[in-house]
Amino acid sequence: MIRFNNVSKQYNTKDGELVAVNDVNIEVKDGQIFGIVGYSGAGKSTLVRMLDGLEAPTTGEIDINGTDIAKLSGSQLRKQRQKIGMIFQHFNLLWSRTVIQNVMLPLEIAGVSKSERIKKAQELISLVGLSGRENSYPSELSGGQKQRVGIARALSNDPEILISDEATSALDPDTTNEVLDLLLKINKQLGLTILLITHEMHAIAKVCDEVAVMDSGSVVESGTVFEVFKHPKQDVTRKFVSEEFSSPQEKDDLTVTELTDRYPEGKLIRLTFHGPQSELPIVSNVIRKFPDIEVNIISGSMRQTQEGAIGSLSLQFIGKTEVIEESLDYLKSLRVETEVISND
Ligand SMILES: Nc1ncnc2c1ncn2[C@@H]1O[C@H](COP(=O)(O)OP(=O)(O)OP(=O)(O)O)[C@@H](O)[C@H]1O
Ligand SMILES: [Mg+2]
């Protein structure tokens, strides 16, 4: 169990005091994949640097399985650090070393014998799907493969916690998905707790159990991924969630006014689905039950999360106001969240 208790971090900069992390409380259970999402500068990396003991909190404490990190002395801290593996956006590999030499590096530092090092590194290279590439140099690998080396190296000391700080941010969408699948596999197979730091909500949706949203140093919202996606409370969370569920057209930032200009008739409705309702034929039910309404699909998207599907669908309803109202009541009776984006 990892606990951040009222953790704050201030830096004294030339421009005065800067609060990078502000009174953060987070609890990460063993074996969870816990996501921390936030825009650039939100304080995410500062938070995990404190977890690794690279920096000390200004106030508050960080507790890992009953140990207060800030209270550890040099050698205890080094031991504790071995229980945490880290992967980064830019891989941080040594370019003059081969894949296997990179993976063996932490074992060398830990004083493990050469034959043990080779055995362990080979196991990990196979786990991350790089068998056969042991003697390649990082420059000969794709981004996804480099990150696999990063993951194998991070696992070499059998850590209890893996921190991924924007590890997929430099990768294309397909490779990102492969790396996320690998993290899921590792989480399940090794029972490893993973802290996934990202600004990509789809990564959170795909693999995380719980998520904390950070903004200007504070955790503004947290909970299960399912809950946070279903009912985002804060503006910043809504922004992240809608970025994830917007169609390319909506991503062009169509404002409500632009949408109404484009679809001037009837009502624009956004439906949000989660879990079981996402499997119901909702649109065809509405059309069948209210044959006088014309339904146009404007945009839509669905996501699989660890707890089931979540999605949203924007529709234009054209017809008599009373009938539209009735159809909205019907949707509500199906427990589909219904939001009227515009009235005509
Ligand atoms: N060593 C430092 N000295 C002074 N200010 C710092 C230091 N490290 C971080 N900061 C400031 O703290 C704030 C949080 O930075 P941090 O790197 O934690 O953000 P982040 O959420 O990881 O951002 P990104 O998504 O860009 O990686 C920023 O305003 C940053 O400028
Ligand atoms: Mg960062």
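In this predicted model, I64 stands opposite T67, a residue of strand 5. This pair belongs to the meeting of strand 4, residues 59-64, with strand 5, where two bridges join the antiparallel strands. The report begins with the sheet that holds this pair, continues with the other sheet, and closes with the surroundings of ligand 1.

**The four-stranded sheet**

Strand 4 and strand 5 are part of an open sheet of four strands, arranged in the order 2-1-4-5 with antiparallel pairing. Its edges are formed by strand 2 and by strand 5 (67-68), each of which pairs on one side only.

Within this sheet, strand 1 and strand 2 are antiparallel and are joined by nine bridges. The two strands are connected by a hairpin through two residues. Two opposed pairs help to locate this connection in the model: T13 stands opposite G16 in strand 2, while R3 has E27 of strand 2 as its bridge partner. Strand 1 also pairs with strand 4, again in the antiparallel sense, over five bridges. One position to inspect here is N5, which stands opposite E61 in strand 4.

Helix 1 lies across strand 1, strand 2 and strand 4. The direction of helix 1 makes an angle of about 115° with strand 1.

A general remark helps in viewing any of these strands: side chains in a regular strand alternate between the two faces of the sheet.

**The six-stranded sheet**

A further open sheet consists of six strands in the order 6-7-8-3-9-10, and its pairing is mixed. The edge strands are strand 6 (84-88) and strand 10 (218-224), each pairing on one side only. From one strand to the next, the twist averages 15°.

Both senses of pairing can be followed in this sheet. Strand 3, residues 33-38, runs parallel to strand 8, residues 193-198, and five bridges join them. In this pairing, the bridge partner of V37 is T198 in strand 8. Strand 9, residues 210-215, is instead antiparallel to strand 10, with six bridges between them. Here A212 has S222 of strand 10 as its bridge partner. The hairpin of strand 9 and strand 10 has two residues between the strands, and S216 in this hairpin takes a positive phi near 45°.

Helix 5, residues 143-154, lies across strand 6 and strand 7 (161-165). Helix 5 runs at about 165° to strand 6.

**The surroundings of ligand 1**

There are 14 residues around ligand 1, and those that come nearest are S40, G41, K44, S45 and T46. By class, this shell has five nonpolar, six polar and three charged residues.

Strand 1 (2-13), strand 2 (16-28) and helix 1 (44-51) each supply at least two residues of the shell. Helix 1 gives the most, with four residues. The elements that contribute to the shell thus include two strands of the four-stranded sheet and the helix that lies across them.

Three residues with N or O atoms at short listed distances from ligand 1 are set out below.

| Residue and atom | Atom of ligand 1 | Distance |
|---|---|---|
| S40, polar side-chain atom | oxygen | 2.5 Å |
| A42, backbone N or O atom | oxygen | 3.1 Å |
| R49, side-chain N or O atom | nitrogen | 3.4 Å |

Taken alone, ligand 1 exposes 640 Å², and the protein buries 63% of that area.

The table brings together two kinds of protein atom: the side chains of S40 and R49 take part, whereas A42 takes part through a backbone atom. On the ligand side, an oxygen atom lies 2.5 Å from the polar side-chain atom of S40, and a nitrogen atom is 3.4 Å from the side chain of R49.

Technical notes: Residues are numbered from 1 along each chain as its sequence is written. Chains are lettered from A and ligands numbered from 1 in the order in which they are written. This is a predicted model: local features need pLDDT of at least 70, side-chain atom pairs count only at pLDDT 80 or more; totals for chains, interfaces and linings use all residues. Side-chain values use heavy atoms; hydrogens and water are left out. A residue is near a molecule or strand if one of its heavy atoms lies within 4 Å of it. A polar contact is a pair of N or O atoms within 3.5 Å; within protein, one must be able to donate a hydrogen and the other to accept it, and residues adjacent in sequence count only if both atoms are side-chain atoms. Accessible areas come from the Shrake-Rupley method with a 1.4 Å probe; for residues, only the protein chains shown count as cover. Ala, Val, Leu, Ile, Met, Phe, Trp, Tyr, Cys and Pro count as nonpolar, Asp, Glu, Lys and Arg as charged, and the others, Gly among them, as polar. Two strands pair if DSSP finds at least two bridges between them. Contact means heavy atoms within 4.5 Å. Axes are lines fitted to C-alpha atoms, for helices over the stretch in contact, and angles run from 0 to 180 degrees between N-to-C directions.
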